[in-house]
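Subject: Handing over the structure, with notes

Dear colleague,

I am passing this structure on to you, and I would be glad if you read the notes with the model open beside them.

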Amino acid sequence: MKLNIKNETGRLKSVVLGQPNSMGGVPTLEESYDAKSYYSIQNNIYPKEQDIINEMNAFESVLKKYDVEVLRPSIIEDYNQVFARDVAFVIDDKMIISNVITDRADEQGAYRNIFEKVEWRKIINLPETAHIEGGDVIVWDDFLFIGTCFSEDYRSYKTARTNEYAIEILKEYFPKKRIIDLELKKNDKIPYEGILHLDCTFNPIGKDKCIIYKDGFVDESDYRLIIDIFGEENCFHVTAEEMFEMFPNVFSISPEVVVSDKTFTRMNNHLRNEWGMTVEEIPYREISKMGGLLRCSTMPLVRE
């Protein structure tokens, strides 16, 4: 397989979609590793496996409608494998294997059948202390936006997934990219006060547009920089409640086609009526209760 990911919206040809089967029981509060899951467990609304299966089946149907090759990881018994984005990610023609948090370390073995399709020279294994997950990495032509946490308390946050060392290594591998690190607010227990990954607060769509939540960034100058790059008129701003519902985490099949949650009425209408996009609406409310949505569920491998 010849990997090719130049941006977030090029016509999708091949993608890995996470695995909803055999998720195991509801985790305890201590076992949760993101604020949204913590909130869901605390409020007894953690999703049921069958509901997750139904939602991912709906997503797969839309992908296949557009002739996208859909690959799946093998099943690990009693293990949450919904969010493929964080296991590995592709930049240009290289696959970077993430150093995920300890709670998810076993997950990568289920992707062996997919990794074997990639030429070994194109796979990058990072040093053990370089932490990064695909949800924090947004590829946008000459730009590489990376969400991170520079706090001295980095190690104390379960929601801090990408560190400065990993960013420095990516600069070495992709010297021609303009790499922009964006510090995200972190909170392990209150989903309104922290951002798990960059794609939960910022996500490019179309050819020159983006969805953005202003208050997800530690420094307002980071938000301003994104606005300068895309242009105010090309940015759809979400509210705190919409960020909580995960509005930014949609998924592009092409510059013209976006897969979105069917409950995102205000945004979906804007994308259609103001920006002329095709919005494929599916139910994804249950999966959102685990701290991720559509982009998180995917690992794109090839785009035109």
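The notes below go from the whole chain to its cores and then to single residues.

Please keep in mind that this is a predicted model, in which local features need pLDDT of at least 70 and side-chain atom pairs count only at pLDDT 80 or more, while totals for chains, interfaces and linings use all residues. Residues are numbered from 1 along each chain as its sequence is written, and side-chain values use heavy atoms, with hydrogens and water left out.

The whole chain

The chain has 8 helices and 15 strands, where helices (H or I, at least four residues) and strands (E, at least two) are DSSP runs numbered from the N terminus. Its radius of gyration is 18 Å, close to the 19 Å that the globule rule gives for 304 residues, so the chain is as compact as a globular protein of that length; the radius is taken over C-alpha atoms, and the rule is 2.2 Å times the number of residues to the power 0.38. Taken along the principal axes, the box filled by the C-alpha atoms is roughly 45 × 45 × 45 Å.

Of the 304 residues in the chain, 62% are buried, a word that stands for under 20% relative accessible area, with exposed meaning over 50% and partly exposed in between (1.4 Å probe, protein chains only). If contacts (heavy atoms within 4.5 Å) are taken between residues at least 6 apart in sequence, 75% of them join residues at least 24 apart. The chain exposes about 12700 Å², and carbon and sulfur atoms supply 46% of that area; accessible areas come from the Shrake-Rupley method with a 1.4 Å probe, and for residues only the protein chains shown count as cover.

The cores

A nonpolar core is a set of buried Ala, Val, Leu, Ile, Met, Phe, Trp, Tyr and Cys residues joined through side-chain atoms within 4.5 Å. The largest one has 63 residues, and those with the most contacts inside it are Phe59, Leu63, Phe145, Phe202, Ile212, Phe217 and Ile226. Helix 2 (residues 49-65) gives this core its largest share, 6 residues. A second core, separate from that one, has 18 residues and includes Ile5, Leu71, Val87 and Ile97.

When residues up to four places away in sequence are not counted, Phe217 touches several others, among them Leu182, Leu198, Phe202, Ile212 and Ile226. Another of its partners is Asp222, whose place is in helix 5 (residues 220-230). At 14% relative accessibility Asp222 counts as buried, and, with the same neighbours in sequence left out, it touches Asp181, Leu182, Glu183 and Phe217. Asp222 and Glu183 are 39 residues apart along the chain, and their C-alpha atoms are separated by 7.8 Å.

Helices 1 and 2

Helix 1 (residues 35-42) is mostly covered, with 6 of its 8 residues buried, namely Ala35, Lys36, Ser37, Tyr38, Ser40 and Ile41. What covers these buried residues includes helix 6 (240-244) and helix 8 (285-288). Ala35 also has a link to a distant part of the sequence, since its C-alpha atom is separated by 8.6 Å from that of Ile195, 160 residues apart along the chain. Ile195 is found in the loop between strand 8 (178-183) and strand 9 (202-205), and at 3% relative accessibility it counts as buried.

In helix 2 you will find Glu60, which counts as buried at 15% relative accessibility and touches Leu17, Val70 and Arg72, not counting residues up to four places away in sequence. The loop between helix 1 and helix 2 holds Asn44, which counts as exposed at 72% relative accessibility and has a phi near 55°, a positive value in a residue other than glycine.

Around strand 7

Asp141, in the loop between strand 6 (137-140) and strand 7, also has a positive phi, of about 60°, although it is not a glycine, and at 37% relative accessibility it counts as partly exposed. Leu144 has its place in strand 7 (residues 143-148) and counts as buried at 0% relative accessibility. Leu144 and Asn7 are 137 residues apart in sequence and 9.1 Å apart in space, C-alpha to C-alpha.

With best wishes
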